[in-house]
Amino acid sequence: MSIRRRAKITALGRYVPPRVVSNHELAEMVDTSHQWIVERTGIHERRWVEKGTPASELALKAIDQLLKQRGIEADEIELIIVATVTPDMFFPSTACVIQDKIRATRAWGFDISAACSSFIYALTTGAQFIESGHHDKVLIVGTDVMTSILNPDDRATLILFGDGAGAVLLEPSEDDEYGILDYYHEIDGSGGEHLNMPGGGSLHPSTHETVEKKMHYVHQHGPAVFKFAVRKMEELSRNMLEKHDLTGADIGAFIAHQANMRIIDATAEKVGLIPEKVIKNIHKYGNTTAATIPLAIGDAIDDGKLKKGDLVLFAAVGAGFTSGVVLARWAY
Ligand code: UT7
């Protein structure tokens with residue numbers, strides 16, 4: 001049994017497609033308005049891929065940036081974990097597609113399906129392989145092409161989501177004070193009915209009928225998800241702080257899944273976080289599902305809001321319901 005050691009994030013890459021889609025543009029497609037979208041969600045614009053762009057393609061661009069930043073070759077990566085609800089296809093996994101494209105000849109890997117929580121599920125999973133001593137370089141990728149599963153006629157979901165990708169590298173921390181300090185995750189499968197994509201799986205294999213019934217699109221009962229997200233994000237954040245004798249004021253950066261500005265603000269207020277330490281970029285990207293957290297890490301670094309030594313609290317709630325928090329001390 002190897003000695004337990006911490007995992008730390010040592011590099012980041014991210015990518016969003018260049019096409020900016022404003023609320024005004026959406027208001028020409030469905031019955032909505034810029035004002036409604038901003039007031040109810042905080043979203044001003046999002047990025048959309050050109051139709052037919054797979055999730056792996058966005059991921060590759062993020063990974064390329066990460067490898068250059070860290071100055072390593074892809075064949076040094078030992079494990080690839082891909083968080084996504086929009087894999088290129090059911091199988092092989094998008095991890096396999098990426099492994100081949102980047103020629104990560106020593107790597108194995110797999111996809112994780114936990115919807116909007118999948119990036120932090122992947123982070124926690126990857127950390128295990130560093131902590132156990134099995135691997136020294138684990139690539140965590142969050143990538144989603146949400147536009148591939150959005151109903152263009154459903155104003156309630158069309159306005160929420162965007163496309164994007166982000167990747168981080170996990171490596172062992174030489175200093176026990178830095179890196180991923182703790183994590184906690186939950187599933188409440190009774191919430192599955194409120195947010196799902198029912199068609200195309202073994203329950204409802206794709207047929208003309210499933211397509212006619214639009215079962216290949218995202219279906220959401222927004223208010224139920226909203227209520228659960230606010231309650232759960234607060235509960236898990238608060239528990240994690242209490243466990244470590246911390247208060248909201250100790251958190252140097254709160255990086256939550258970007259689903260709705262009101263969910264993030266409500267959590268921040270209830271947990272006593274300092275408003276300037278709450279990282280928000282939903283206004284420019286919308287909800288990119290598995291990519292929101294790495295995209296937000298990148299923006300926090302760019303804006304000087306995430307520096308070496310900062311305590312970071314990651315939090316997410318997503319379809320499932322899945323949820324979780326990860327506490328880390330930022331290491332670079
Ligand atoms: O990341 C995965 C997890 N997902 C989430 O966390 C999403 C959580 N849910 C939410 O963020 C919010 O529930 C939404 C933003 C999706 C919706 O906001 P809401 O305040 O919960 O609105 P609602 O669904 O209760 O709808 C209120 C009204 C309805 O009209 P009536 O019945 O009051 O006449 C909707 O039909 O707003 C209407 N509406 C819209 N109006 C203009 C719904 N979507 C739109 C729209 N534009 N895009």
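These legends walk through several close-up views of a predicted model. Local features need pLDDT of at least 70 and side-chain atom pairs count only at pLDDT 80 or more, whereas totals for chains, interfaces and linings use all residues. Residues are numbered from 1 along each chain as its sequence is written, and side-chain values use heavy atoms, with hydrogens and water left out.

**View A. Around the ligand.** Here we look at the 22 residues around the ligand, counted as near when one of their heavy atoms lies within 4 Å of it. T32, R40, C116, N260 and N287 come nearest. The side chain of R40 places an N or O atom 2.8 Å from a ligand oxygen, and the side chain of N260 does so at 2.7 Å. H257 joins in, with a polar side-chain atom 2.9 Å from an oxygen atom of the ligand. A polar contact here is a pair of N or O atoms within 3.5 Å.

**View B. Where α3 meets α4.** Helix α3 (residues 55-70) and helix α4 (residues 94-102) have axes that come within 10 Å and cross at roughly 50°. Helices are DSSP runs (H or I, at least four residues) and strands are runs of E (at least two), numbered from the N terminus. Axes are lines fitted to C-alpha atoms, for helices over the stretch in contact, and angles run from 0 to 180 degrees between N-to-C directions. The pair is therefore oblique, the term for angles that are not under 35 degrees (roughly parallel), over 145 (roughly antiparallel) or 65 to 115 (roughly perpendicular). On the α3 side, S56, A59, L60 and I63 make the contact, and α4 offers T94, V97, I98, K101 and I102; contact means heavy atoms within 4.5 Å.

**View C. Where α8 meets α9.** The axes of α8 (residues 222-243) and α9 (residues 261-271) come within 9 Å, crossing at roughly 35°. Residues of α8 in this contact include F226, M233 and L241, and those of α9 include I263, A266 and V271.

**View D. Backbone details in three loops.** The peptide bond from F91 to P92 is cis, with omega near 0°, and P92 sits in the loop between β4 (79-83) and α4. Another cis peptide bond links G320 and F321, with omega about -5°; F321 belongs to the loop between β12 (311-318) and β13 (322-329). Finally, look for K214 in the loop between α7 (208-212) and β10 (219-220): its phi is near 60°, a positive value in a residue other than glycine.

Terms used: A polar contact is a pair of N or O atoms within 3.5 Å; within protein, one must be able to donate a hydrogen and the other to accept it, and residues adjacent in sequence count only if both atoms are side-chain atoms.
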